[in-house]
Amino acid sequence: MKKFSDYLQAIARTNHPGNGLKTQWLFYCGMLFLSRDKWWGDFRHRPSRHEGIDICWHRNEQTHEVHGFTPETRIPAMENGTVVNICDDFLGRTLVVKQKIPEASEFKIIFTYAHIVPEANILIGQQIKKDQVIATVCDTQKNPQLVPHLHFSCFEIIEPVPETRLDWNVFTDPEKVNMICPVFL
Ligand SMILES: [Zn+2]
């Protein structure tokens, strides 16, 4: 829980320097891990359980003014890691990042930052540092039902897959990955 709440603070600090600590984050149920609910469009059901957490709505602790993300919203890295792939998702691009936490698992741990536009200097094979800005949020004008947001997931890769082939075909295959709740990292 600490790591995830620290990450939300890092996003706030990155985008509202000096005011980040006054940011409170807001979630519809459908934005949460394993939810079957949609938080857009007809608010009915997702085709499959949500593989991560969607992040965008936040408010100022004092004024209670609610804001979403915009295509200018900058996304920092949650932890140090290595970019092993950059692939498409249904809204934009996904950064696939291998984490250096071998003691946590005998398997490979992957973080994905999805529905984003990677920074121009972020390339496959590159090391990234905690809090480094790695992307901006994808513009959703072509999918107006959805607002710009970050989808963050954590996966344990349980079947050997070449790193450059780690994409959403793999991440949605329960024989190849275990989904880990980001809140319990
Ligand atoms: Zn999502």
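Strand 11 (150-157) and strand 12 (177-180) are joined by 4 bridges and run antiparallel, where strands are DSSP runs (E, at least two residues) and helices are DSSP runs of H or I with at least four residues, both numbered from the N terminus, and where two strands pair if DSSP finds at least two bridges between them. Within this pairing, C154 stands opposite I180 in strand 12. The structure is a predicted model, in which local features need pLDDT of at least 70 and side-chain atom pairs count only at pLDDT 80 or more, while totals for chains, interfaces and linings use all residues. Residues are numbered from 1 along each chain as its sequence is written.

Strand 11 also runs antiparallel to strand 8, to which 7 bridges join it, with S153 as the bridge partner of T112. A further 3 bridges connect strand 11 with strand 2, again in the antiparallel sense, and here L150 is the bridge partner of I55. Of the 8 residues of strand 11, 6 are buried (20 or more other C-beta atoms within 10 Å of the residue's own, with C-beta atoms placed from the backbone), so this strand is largely enclosed by the rest of the structure.

The domain assignment, which is automatic or taken from a database, gives domain 1 (2-67) and domain 2 (74-184), whose C-alpha centres lie 17 Å apart. Contacts, defined by C-beta atoms placed from the backbone and lying within 7 Å, link 16 residues of domain 1 with 21 residues of domain 2. On the side of domain 1 that touches domain 2, helix 1 (2-15) and strand 2 (53-55) each supply at least two residues, and helix 1 gives the most, with 6 residues.

The largest nonpolar core, a set of buried Ala, Val, Leu, Ile, Met, Phe, Trp, Tyr and Cys residues joined through C-beta atoms within 7 Å, holds 36 residues, of which I75, L95, Y113, I116, I134 and L150 touch the most other members. Strand 8 gives the most to this core, with 6 residues, and because domain 1 and domain 2 both give residues to the core, it lies between them. When neighbours within four places in sequence are left aside, the contacts of I116 include I75, L95, A135, V137 and L150.

A separate description applies to the open sheet of 3 strands, which has the order 1-3-4 and antiparallel pairing. Its edge strands are strand 1 (23-25) and strand 4 (66-67), each pairing on one side only. Strand 3 (residues 58-60) pairs with strand 4 over 2 bridges, and H67 in strand 4 is the bridge partner of H58.

How values were computed. Contact = placed C-beta atoms within 7 Å. Buried ≥ 20, exposed ≤ 12 C-beta atoms within 10 Å, placed from the backbone.
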